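Let's walk through this one together, starting with the pockets and then moving on to the backbone. Have the viewer open as you read.

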Amino acid sequence: MRFLPGFRFEACDSRSDGTSSGNKTCLFGLAADVRCQYLTRSTMSRFSLLFYCQICVCALLVWGTQPCPAPGQPTKAKLNQPPPGFVQLFNGENLDGWKGLVGDPRSRAKMSADELESAQQAADERMRAHWKVEDGVLVFDGQGDSLCTAKDYGDFEMLVDWKIKDNGDSGIYLRGSPQVQIWDPAQHPEGSGGLYNNQKHPRKPTTKADKPVGEWNRFRIKMHGSQVWVWLNGRLVTDGVVMENYWDRSKPMYPTGQIELQNHGNTLYFRNIFIKEIVTTEDAQKIAAGIPAKAIAKPKSPRKVLIYTHAAGFVHSSIPHGARAVQMMGEKTGVFEGTISEDPAVFSAESLKQYDGIVLVNTTGDWLRPRREHFRRLSDKEKAAWEKREAENKQALLNFVRNGKGLVGIHAASDCHYEWKDFGKMIGGYFDSHPWHEEVGMTVEEPDHALCRNFANEKFTITDEIYQFKSPYNRNRLRVLLSMNDEITNLDRGNRNDDDYAVSWVRKEGKGRVFYGSLGHREEIFWNSQVMRYYLNGIQYALGDLEAKDAPRQPDR
C-alpha cells in the first residue's frame, strides 16, 4: 500500500545473525520507515487516516525515536546471544570456556601432563590479569598473552565482532595457527581478513571492507579442511584459500586445534563470539586416524583435485566429512592437492584447466545451478543467464573427462542431473532407490584388482544406506568391483529382476577415467579405513596414476 507521508510500524530490520540492516528508525520496539510510505485515499477513509496520523505523532512525542544499529551491528537486546545453529564462545559475563596461552602446538605436544597443567595454571593467571569483561564486551589491555578457547575445534563456522584503536593489530588463530589478520586500515590499505602468514597461497584479502578504527567490525569465518573463507562486514574477502601450517610448513594444517584471539600489544575489544561446528573435533580426529598414510601409486606429476560439495537436492549431513576426508587423504599421502568448493562457477572451461580430477561428494539434484528454491526466485533474465552458463559448464565437464582427466563420484553423485543423459552414462547409472539402510554384506568381485587389494577378505559387512541403480546402469558399460552379497543380505527388498545390486565400479569415458562408489551416506564411512583406502585407490585410478583394468567383464545379465 502507498501511504500519505507518515510512518509505517514494523519490526526492526534485523538479520538472522542478530545484526541490523540500519534501514529503519526504532520506535518503542517498532520501526518507522524513514523512506515515507503513502496511503491512497481509496484504501483508507479520511477518519481512519487522521486517526492513524495522530497515533504516529503521539507516539513520537511521548516515546521519541532512537536509531536502529548501524548496518552489520547487533541490536542491544541480542548482544552475545547466538543466532540459530550457533553456540556461544563468549557468554558476555565472564571468561568461562577460555584459557590462557601456553606456547604453541609443537611445544605443548612435547610437555608431559604435569608440565602442561602447571604451565596452564600460570597462563590462566596472566589471562585473568589482562582480559576483562566490561558491559558484555571482552576487553584486552594489551599487556598479556593471547586468549584461547578451552576446547579444540575441527571444521567450523565462526562469528566474531571486533574493534581496535589507532595502529591496532591483532588476529584470529585457527586450530592454533596464525591467522586471520586484524589491523588498522589506515596503516594497512589492503584491510583486514587476509591470511597474513601464508607464503605459498594468497595472504591478502581480495577487497578492503574494514570500518574506521573505533567502530565495530564483524568477521564470519568458515574453516573446512585446510581452506578458509572470511567475510568482513558482509563482504567476502578471503575465498576458500588454503591456510598454511605456520609452525611446520612441510605439513598441512592440524586437523583440530584451539581458536585464539591474538595479542599484539594493543587494546582490543571482542563480543558476539559464536561458533557452529561443521565437522566436530571428535569426528575430525576419527577421519584423521582412518585415512591411509601412504598411497600405493606414485603420482606421475603434481595433481590438483576439485572436491565439489554443492547439493541442489537432498543435503547429506556427511558432505563435510566426505570433503574433509578426501582433502586430508591428499595432504597426508602427498598424492594430490584438494580444493573444496560448492560454487558451480568452478566448472567453467577456464576454471577446470587447473585440475586433474574431480570428486563429487553427495552432489544431489541439478548441482550446476543454485538450489531449486533459490533458482525459482530469480528473474527470467537471471534464469536465462544461469541456463546458458549451465549448458556451457556441462559441455566443459564432458570435455574435461573425455580428453583424459578423471571423475570420481561418491554416494549421491548418481542421484542428480536426471535430464542430462550424458552425465548418467558417464557416471555409470542413476540412483533408483535405497532399499537397505542397515548392516549389509559386500562382495569384492575382483580381489586381485589393483583397486581392491587392500580388502582383507572377499566378503565383508558394513552399515550404510545402499542404492539400487537404474538405466543407464548396465554391466556391459562398466566394470563392477563391489556388489551386494546375497548370502549375508536379503536382496528381496530390491526390485531388480536380475538381482544385480552393484555398489562400486570403474569405467572409461573417452580418454578419461571414472570411479564411482555408492558408500558414503553415513558420516562414519569416512573414517572406515578399509573404505578410505579403496576410495584413495579409486581417486588415483581416475587421476591416471594407478593402472587398473576397466573394461567390462561380462555382457548384460
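The lining of the largest pocket is a mix: 17 residues are nonpolar, 13 polar and 11 charged. Here Ala, Val, Leu, Ile, Met, Phe, Trp, Tyr, Cys and Pro count as nonpolar, Asp, Glu, Lys and Arg as charged, and the others, Gly among them, as polar.

Before going further, a word on what you're looking at. This is a predicted model, where local features need pLDDT of at least 70, side-chain atom pairs count only at pLDDT 80 or more, and totals for chains, interfaces and linings use all residues. Residues are numbered from 1 along each chain as its sequence is written, and side-chain values use heavy atoms, with hydrogens and water left out.

How confident is the predictor? The mean pLDDT (the predictor's confidence in each residue, from 0 to 100) is 88 for the protein, and 85% of its residues reach 70 or more. Residues 1-53 have a pLDDT below 50, with 107 contacts (heavy atoms within 4.5 Å) beyond near neighbours in sequence. Residues 55-77 are also below 50, and that stretch has 49 such contacts. Where pLDDT is low, the predicted coordinates should not be read in detail.

Back to the largest pocket. A pocket here is found on a 1 Å grid over the protein atoms alone: an open set of points where a 1.4 Å probe fits, with protein on both sides within 12 Å along at least five of seven lines; lining residues have an atom within 4 Å of a point. The volume is the space filled by probe spheres set on the points, with grid points joined across faces, edges and corners, and for the largest pocket it comes to about 1100 Å³. Its lining takes in 41 residues, and Lys-222, Trp-229, Ser-341, Glu-342 and Asp-343 lie nearest the centre. Which element gives the most to this lining? It's β15, with 5 residues. Strands are DSSP runs of E, at least two residues, and helices are runs of H or I, at least four residues, numbered from the N terminus. Among the other elements that supply at least two lining residues are β13 (217-224), β17 (268-279) and α5 (319-333).

The second largest pocket holds about 530 Å³. It is lined by 25 residues, and Lys-200, His-201, Pro-252, Glu-331 and Glu-337 are the closest to its centre. Helix α5 turns up again here, giving the most to the lining with 3 residues.

Now for the backbone. Most residues other than glycine have a negative phi, and most peptide bonds are trans. A cis bond joins Pro-178 and Gln-179, with omega about -20°, and Gln-179 sits in strand β12 (residues 177-183). Another cis bond runs from Ser-471 to Pro-472, with omega near 15°; Pro-472 is in the loop between β23 (459-470) and β24 (479-484).

As for phi, Asn-362 has a positive value near 55°, in the loop between β20 (357-361) and α7 (372-375). Asn-362 counts as buried (under 20% relative accessible area with a 1.4 Å probe, protein chains only) because its relative accessibility is 0%. His-417 has a positive phi of about 45°, and at 2% relative accessibility His-417 is buried too.

Finally, look at helix α8 (residues 380-402). Its 23 residues should span 33 Å at 1.5 Å a residue, and the end C-alpha atoms are indeed 33 Å apart; the expected span is 1.5 Å times one less than the number of residues. Its buried residues include Trp-386, Glu-390, Asn-393 and Leu-397. Just after α8, Gly-404 takes a positive phi of about 120°.

Definitions and conventions. Buried means under 20% relative accessible area, exposed over 50%, partly exposed in between (1.4 Å probe, protein chains only).
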